[in-house]
Amino acid sequence: MSKTELRYQVAKDVFAEVGVDTDAAMDLLDRIPISIHCWQIDDLSGFEAPERGLSGGIQATGSDPSKAKTKEEFMRNLTKALSLVPGKKKLALHAIYLDNLGAFVDRDAIEPKHFAFWVDYAKEHGLGLDFNPTYFSHKNADSNFTLSSFDPSIRAFWIEHGKRCRRISDYLGRQLGQVCIDNHWIPDGYKDYTVDKLAHRELLADSMDRIMEEKLDCTVDSWESKLFGLGIESYTVGSHEFYMNYAMKHDNCMVCMDMGHFHPTEQISAKLTAFSVFGKDVMLHVSRPVRWDSDHVVILDDELKEVMLEIARHRLFDTVHIGTDYFDGSINRIAAQALGPRSIKKALLYALLEPTERLAAYEKAGDFTRRLAYCEEMKALPFGLVWDMYCERCGVAGRDWVERVFQ
């Protein structure tokens with residue numbers, strides 16, 4: 001018996017005393033996929049024109065030298081990062097991570113064939129795939145307006161891009177036998193005082209209708225809100241309220257909530273059941289804001305725990321789709337890519353090890369003293385030893401995982 005197994009037996013007994021089956025928790029954790037974004041490996045440069053640089057409210061900061069510089073290096077580093085994450089996984093792509101098949105392909109001309117190599121990669125590594133249109137870092141996004149632009153030619157370009165991305169997503173879903181979530185984020189808005197906030201939103205709603213008019217079976221659209229972005233500090237067209245109302249009116253889409261896209265004092269953990277009570281799915285992008293939407297690498301902080309507790313307490317595993325979204329250039333990119341989903345998996349395990357029925361019974365009985373006291377006691381139970389056991393069962397490095405990055 002290994003040291004990990006010996007320590008796990010102690011933790012198993014401790015959790016059993018409060019009515020928690022640690023084996024069952026690990027079994028359930030193994031069935032919950034995390035959609036891991038690919039763009040941490042190269043700071044969202046992509047394969048379309050990596051020399052172009054980011055624009056449209058997007059910025060990666062840091063100067064660690066580990067950024068992938070070629071497609072071959074990107075794929076190698078991505079594979080290594082994914083190997084350090086235990087459990088079920090999907091991989092989220094951006095449209096700029098295409099194979100142009102030897103000739104430049106603009107975004108209103110991309111086709112499923114440009115992403116066929118990702119299907120092969122996903123099958124080889126046992127992954128599902130999600131997708132993201134890329135509405136930024138392009139000459140037709142330089143004005144900070146895309147789907148809500150007053151220029152009909154600009155709007156038409158991005159509508160066509162959105163339509164093609166939905167078909168690509170459907171192709172990926174059909175090839176892999178599972179739904180591919182097609183997530184849209186646009187940089188539209190104004191830097192300073194805005195007079196007509198309605199006109200752009202009317203155009204955006206029309207563009208969304210046109211993008212999603214085709215019925216597709218293996219993709220579902222999510223629309224990602226934001227409080228503000230670089231250069232659009234005063235007015236964001238695609239606000240949370242806008243997309244929430246749109247999603248409630250339409251059956252074929254959902255809201256994407258990014259943890260960094262709200263006011264610094266807002267906690268999205270409290271928002272999840274507001275959607276589930278109406279039967280609506282949510283795409284969750286887990287990031288870590290520091291003072292603003294700064295896309296720091298996800299860590300096991302209090303809000304991440306609270307989000308996963310909400311998901312676990314109400315068994316929202318099929319309706320809240322968990323994904324990562326950050327790009328931090330200040331540390332090793334492989335380590336950053338692996339650390340975020342590992343932190344999410346840890347937070348999920350922490351949540352699954354909660355004696356929820358017992359705590360809920362205190363709450364229903366009005367015993368708020370025991371509710372609070374036992375919630376606090378749970379924080380000290382040895383869930384880290386269960387995590388070590390889970391990693392060993394998955395054949396993935398445990399506490400020394402980061403050393404594997406540099407081997």
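1. In this predicted model, the face of helix α7 that is turned away from its buried side carries two exposed residues, Asn 245 and Lys 249. The buried residues of α7, which spans residues 240–249, are His 240, Phe 242, Tyr 243, Tyr 246 and Ala 247. When the helix is viewed down its axis, these buried residues fall within an arc of 165°, and they therefore line one face of α7. As a general point, an α-helix has 3.6 residues a turn, so residues three or four places apart point the same way.

2. What do the buried residues of α7 pack against? Their partners are two helices, α6 (197–211) and α8 (272–276), together with two strands, β6 (219–224) and β8 (253–258).

3. The largest nonpolar core has 119 residues, and those with the most contacts inside it are Phe 74, Trp 118, Leu 172, Leu 284, Met 308, Ile 311 and Ile 322. Helix α10, residues 333–352, provides the largest share of this core, with 11 residues. In soluble globular proteins, nonpolar side chains tend to be buried together.

4. Trp 118 deserves a separate look, since it is among the core residues with the most contacts. If its neighbours within four places in sequence are left aside, Trp 118 is in contact with Phe 47, Phe 74, Met 75, Leu 78, Leu 91, Leu 93, Tyr 97 and Leu 129. One of these partners, Phe 74, is itself listed with the residues that have the most contacts inside the core.

5. A search of the whole structure finds 2 cavities of 30 Å³ or more. The largest cavity holds about 80 Å³ of space, and its lining is formed by Leu 44, Ser 45, Glu 48, Ala 49, Pro 50, Arg 52, Gly 53, Leu 54, Ile 96, Arg 107 and Ser 137. Sorted by class, that lining has 5 nonpolar, 3 polar and 3 charged residues.

6. The second largest cavity has a volume of about 60 Å³. Which strands supply at least two residues each to its lining? They are β3 (128–132), β4 (180–184), β9 (282–286) and β12 (320–324), and β3 gives the most, with 3 residues.

7. The full lining of this second largest cavity is made up of Ser 35, Trp 39, Ala 92, Asp 130, Phe 131, Asn 132, Ile 181, Asn 183, Met 283, His 285, Gly 323 and Thr 324. By class, these lining residues divide into 5 nonpolar, 6 polar and 1 charged.

Terms used: Residues are numbered from 1 along each chain as its sequence is written. This is a predicted model: local features need pLDDT of at least 70, side-chain atom pairs count only at pLDDT 80 or more; totals for chains, interfaces and linings use all residues. Side-chain values use heavy atoms; hydrogens and water are left out. Buried means under 20% relative accessible area, exposed over 50%, partly exposed in between (1.4 Å probe, protein chains only). Helices (H or I, at least four residues) and strands (E, at least two) are DSSP runs, numbered from the N terminus. The arc is that of the directions from the helix axis to the C-beta atoms. Contact means heavy atoms within 4.5 Å. On a 1 Å grid over the protein atoms alone, a cavity is a set of points where a 1.4 Å probe fits but cannot get out, and a pocket is an open set with protein on both sides within 12 Å along at least five of seven lines; lining residues have an atom within 4 Å of a point. Grid points are joined across faces, edges and corners, and a volume is the space filled by probe spheres set on the points. Ala, Val, Leu, Ile, Met, Phe, Trp, Tyr, Cys and Pro count as nonpolar, Asp, Glu, Lys and Arg as charged, and the others, Gly among them, as polar. A nonpolar core is a set of buried Ala, Val, Leu, Ile, Met, Phe, Trp, Tyr and Cys residues joined through side-chain atoms within 4.5 Å.
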